[in-house]
Amino acid sequence: MKCAKIAGLGKCLPSKILTNADLEKMVDTTDEWITTRTGIKERRIVDKGVAASHLGVEASKIALERAGISPSIIDLIIVTTITPDTQFPSTACYIQEALGASRAACFDLSAACSGFVYGLTTAVQFVKTGLYKNVLVVSSEVLSAITDWQDRSTCVLFGDGAGAAVITEGDQDSVLGVYMGSDGSETEVLSLPAGGSRIPTSQYSLDNRLHYMKMQGNELFRIAVRVMVDAAKRALKKAAVNVADISLLIPHQANERIITAVAKRLRIPQDKVYMNISRYGNMSSASTIVAFCEAWEEGLIKSGDIVVLDTFGGGLVWASAVIKWL
Ligand code: ACO
């Protein structure tokens, strides 16, 4: 087996900020409710006409530059998103064209908020088997496009953004252990009901607002804590890494209370937990990679550090990866 190295990270956040005060004018909510229940103060929202691929391209350019990789030698582009530019072609193909990565194979991967860890795991397999040398993983979301701005129970939670990682053949493995889980019996807890083949877009789906995300927040909260703790423990076991050796836990940024509960159950002190939810809200698959990239940019991740990514999302799907920063 070859070794697969994380060679560069990048991110792109839209410049437009939507604050809790702005939301107070749109739905029956308060800054106090949003802050105490979720930890979110503001989120980024794209301008009209900006799609997932546009954010993804900008994040990719930064990751590729940091990795010292030219788009022309990318073998594979994997995009994780629940808000693709179009049902097809894949968002990966749009990104390929914009980057000029003409020799890359391209596909999208759907694993909701766990997308980045699923994508990273997939990329690593391609490099370790020797099939490909340079893989670009992009997690990009324009959740504002599928958010019901009349539903206060969901619209306060989400934001737009993108992150990217370059995985290349190296001397050592960056990913020491992973765990991915799913539970298809809980599809109703969080979904975008219409727009696919199950409920094609129609006047009925539009009238009933079925083209927007639906979520049973309470139920998700309970499941999230349990599965994130379990996933991290399993990934740590596979990596043969102790909790005490973790330098930084980077969890999916869905709710500050979920993050705090997960860290407490894993016995990881809060100063080893990375959070940027107050600034960006939940960006689904982009949350984890944006947080990973920011933590690195802030100098919180140094060579030899052990970083644990821990995610869950609609599906349900959950995943954790134990990473050694090389
Ligand atoms: N402002 C004011 N009040 C509100 C708002 C709001 N924005 N939203 C809901 N409320 C009210 C409710 O109507 C309810 O009122 P009631 O008691 O009179 O009925 C009350 O607040 C409590 O509502 P709950 O839903 O019980 O609030 P909870 O404390 O559970 O917080 C939340 C809701 C924040 C959604 C939480 O359940 C949560 O974070 N769940 C997890 C969500 C998540 O992690 N999603 C991740 C996956 S995302 C993906 O995959 C794309």
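**Close-up views of a predicted model**

**View 1. Helix 8 and the shell around the ligand.** Helix 8 contributes 4 residues to the shell around the ligand, the most of any element. Please keep in mind as you look around that this is a predicted model. Several elements give two or more residues to this shell: helix 2 (31-38), helix 6 (152-155), helix 8 (217-239), helix 9 (256-266) and strand 12 (306-313). Both domain 1 (3-171) and domain 2 (176-324) take part, each supplying at least three residues.

**View 2. The residues that surround the ligand.** Here you meet the 27 residues around the ligand, of which Thr-29, Arg-37, Cys-113, Asn-218 and Asn-255 come nearest. Sorted by class, the shell holds 13 nonpolar, 10 polar and 4 charged residues.

**View 3. Polar contacts of the ligand.** Let us start with Thr-29, where an N or O atom of the side chain is 2.7 Å from a nitrogen atom of the ligand. At Gly-217 the partner is a polar backbone atom, 3.0 Å from a ligand nitrogen. Arg-257 uses its side chain: an N or O atom there is 3.1 Å from an oxygen atom of the ligand. On its own the ligand has 1000 Å² of accessible area, and the protein covers 75% of that.

**View 4. Strands 4 and 5 side by side.** Strand 4 (residues 76-80) runs parallel to strand 5 (residues 105-109), and 5 bridges link the pair. To find your way, look for Ile-78, which stands opposite Phe-107 of strand 5. Between the two strands the chain passes through helix 4 (residues 91-99), making a right-handed β-α-β crossover.

**View 5. A cis peptide bond at Pro-89.** Follow the loop between strand 4 and helix 4, and you will come to Pro-89. The bond that joins Phe-88 to Pro-89 is a cis peptide bond, with omega about 0 degrees.

**View 6. A cis peptide bond at Leu-316.** This view moves to the loop between strand 12 and strand 13 (317-324), the place of Leu-316. Gly-315 and Leu-316 are joined by a cis peptide bond, and omega is about -10 degrees.

**View 7. Ala-240 and its positive phi.** Our last stop is the loop between helix 8 and strand 11 (248-251), where Ala-240 is found. Ala-240 is a residue other than glycine with a positive phi, near 55 degrees.

Note on methods
Residues numbered from 1 in each chain as written. Predicted model: local features only at pLDDT ≥ 70, side-chain atom pairs only at ≥ 80, totals over all residues. Heavy atoms only, no water. Pairing = 2+ DSSP bridges. Right-handed = clockwise from strand over helix to strand, strands pointing away. Near = heavy atom within 4 Å. Polar contact = N/O pair within 3.5 Å; in protein donor to acceptor, adjacent residues only side chain to side chain. Areas by Shrake-Rupley, 256 points an atom, 1.4 Å probe, with all protein chains shown as cover. Nonpolar A, V, L, I, M, F, W, Y, C, P; charged D, E, K, R; others polar. Domains from an automatic or database assignment.
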